[in-house]
Amino acid sequence: MTTELTRQDAVRDAAASGIPAALADLGALVRIPSIAFPGFDGAEVQRSAEAVAALVQDLGLFESVEIQRAAIPGTDEIGNPAVLATRAARNGRPTILLYAHHDVQPVGEESLWESAPFTPTVRDGRLYGRGAADDKAGVMAHVASLRALKEALGADFDLGVALFIEGEEEAGSRSFAQFLSDNAAALRADVIVVADSGNWDARTPALTVSLRGNTRFTLTVRTLDHASHSGMFGGAVPDAMMATVKLLATLWDEDGAVAVQGLTERDAETPAYSEETLRDEAGLPTGVSPIGRGQILSRIWNKPSITVTGIDAPSVANASNTLSPALSVVLSARVAPGQPAREAYAAIEAHLRAHAPFGAQLSFTDQDYGDAFLVDTSGWAVGTALEALHEAYGVEPVQIGVGGSIPFIADLIREFPEAQILVTGVEDPHSRAHSPNESLHLETFRNAVIAEALLLEKLDARTTSP
């Protein structure tokens, strides 16, 4: 019988030796433009799901591997294809649910990419390509860690595993809750790993223990029944652009902090983080000042923010001397942990209605909500995960908050209230997820795979009771 130390060494060695194959498979996935947004080719998302399912099937570990879709509640639509694979636990071992998503963000302005977005390209120790980090690297971290576990322990280990690779996370996970409900028995687990976050830096691992919530909506401002000549009526008639600019400016104070009554903040300590680091990681040029007040990470992790993410208005190329009658903007707000997203939305809507200039008519559509997330760090799985991260990276892990949101975690908590949720990831602050030149730090990926493989081994070595 092998000792625990020997088991862990075997798993570590298998994970490390499997990295070249994992990166080759990741490159193949990156080549598939699996954008789940409306207006893009849904066949590519299906092709991506089939590619992931083939990788999972080839593991030879699961009793069932399927591509499934779920209904989108309140509509006649069906969600995008997800991969679901399951194997039952044996001999009192726990079950772990491994989550990632295979869909990706749109490319954006392609001219800003230094290499083709769907051609995986290695430069300076990073793999560039859309989805290389978010989140096809998460998919491959799961696949590669399971390969390592099988190579080191054989296919008959006792740990139960459910694998859920979603196909519409970037497009809002509209069928996620229904998918969980439809497959609750197959997905039920003691521990859930959501591999869709990041690390403190490229060398220091992190476990995400808080996430801001979010609410997103479209605001339309109308001031005229029809467009009018700006020379004939300008100066007497408010146009929609003017009204919108004045209205939006009320959302922030002179420091750039959110100025909406009713939005809350969380009081929690944050690690030291310098303005110099912020400038480096966010691309903030010299001469442009940060916004907000207080500790920088507290502004990002524990306070609300509001961003204008889209605007429908005459383009520069189509500009004319016209007073615009109506204008629409998309507002995205991040909500501090502890405040429900719907409550935050209500506060923002009330603020906008109260500050509408010149009697401008406001309408609100396409509301979307995602609640914040706080981890109960007292659970045994958190300690086990921190051990695995430390052993893999050789650096003490950091427990971090993240300013971004993973709204579907609220669905996981509701469906599986007893499960311990671990939010991990392969990204670092320079990954530029959702932006041009998205990339994966190769050494971080290597360490992340080893860490997850060690976590799986540790869970396979214990019973489900604490």
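The expected span of a helix is 1.5 Å times one less than its number of residues. Keep that rule in mind for this predicted model, starting with helix 14.

**Helix 14**

Helix 14 runs over residues 442–460. At 1.5 Å a residue, its 19 residues should span 27 Å, and the C-alpha atoms at its ends are indeed 27 Å apart. Is helix 14 mostly covered or mostly open? It is mostly covered, with 16 of its 19 residues buried.

Part of the picture is the company helix 14 keeps. Helix 4, residues 136–153, is one neighbour: the two axes come within 8 Å and cross at roughly 50°, which makes helix 4 oblique to helix 14. The crossing of this pair is right-handed. On the helix 4 side the contact uses A137, M140, A141, H142, A144, S145, L146, A148, L149 and L153. Helix 14 answers with F445, V449, E452, A453, L456, E457 and D460. Sorted by class, the contact of helix 4 with helix 14 has 12 nonpolar, two polar and three charged residues.

Helix 12, residues 380–393, packs on helix 14 too, at an angle of about 135° and with the axes 8 Å apart. Helix 12 and helix 14 are therefore oblique to each other, and helix 12 passes helix 14 in a right-handed crossing. Among the helix 12 residues in this contact are W380, T384, A388, L389 and Y393, while helix 14 brings residues including T444, N447, A451, L455 and K458. The classes here come to 12 nonpolar, three polar and three charged residues.

**Helix 3 against helix 4**

Helix 4 also packs with helix 3, residues 42–58, at an angle of about 15° and with axes 10 Å apart. That makes helix 3 roughly parallel to helix 4, and the crossing is again right-handed. S48, V52, L55 and V56 of helix 3 meet K136, V139, M140, V143 and R147 of helix 4. That contact counts six nonpolar, one polar and two charged residues.

Here are the three pairings side by side:

| Helix pair | Angle | Axis distance |
|---|---|---|
| Helix 4 and helix 14 | roughly 50° | within 8 Å |
| Helix 12 and helix 14 | about 135° | 8 Å |
| Helix 3 and helix 4 | about 15° | 10 Å |

**Helix 11**

Helix 11 covers residues 341–354, 14 in number, and reaches 20 Å from its first C-alpha to its last, close to the 20 Å expected. Which of its residues are buried? They are A341, A344, Y345, A347, I348, E349, H351 and L352 of helix 11. What covers them includes strand 9 (213–222), helix 8 (240–249), strand 11 (305–312), strand 13 (326–335) and strand 14 (361–370).

**Backbone oddities in the loops**

Three spots in loops are worth a look. D134 and D135 are joined by a cis peptide bond, with omega at about 5°. D135 sits in the loop between strand 5 (126–128) and helix 4.

S173 is not a glycine, yet its phi is positive, near 50°. You'll find S173 in the loop between strand 6 (160–166) and helix 5 (176–182). S173 has a relative accessible area of 12%, and the cut-off for buried is under 20%, so S173 counts as buried.

H434, another residue that isn't a glycine, has a positive phi of about 75°. The loop between strand 17 (420–427) and strand 18 (439–441) holds H434. Is H434 buried or partly exposed? With a relative accessible area of 41%, H434 is partly exposed.

Key
Residues numbered from 1 in each chain as written. Predicted model: local features only at pLDDT ≥ 70, side-chain atom pairs only at ≥ 80, totals over all residues. Heavy atoms only, no water. Axes fitted to C-alpha atoms, helices over the stretch in contact; angles between N-to-C directions. Helix = DSSP H or I, 4+ residues; strand = E, 2+ residues; numbered from the N terminus. Parallel < 35°, antiparallel > 145°, perpendicular 65-115°, else oblique. Left-handed = near helix turned anticlockwise from the far one by under 90°. Contact = heavy atoms within 4.5 Å. Nonpolar A, V, L, I, M, F, W, Y, C, P; charged D, E, K, R; others polar. Buried < 20%, exposed > 50% of the residue type's maximum accessible area, 1.4 Å probe, protein only.
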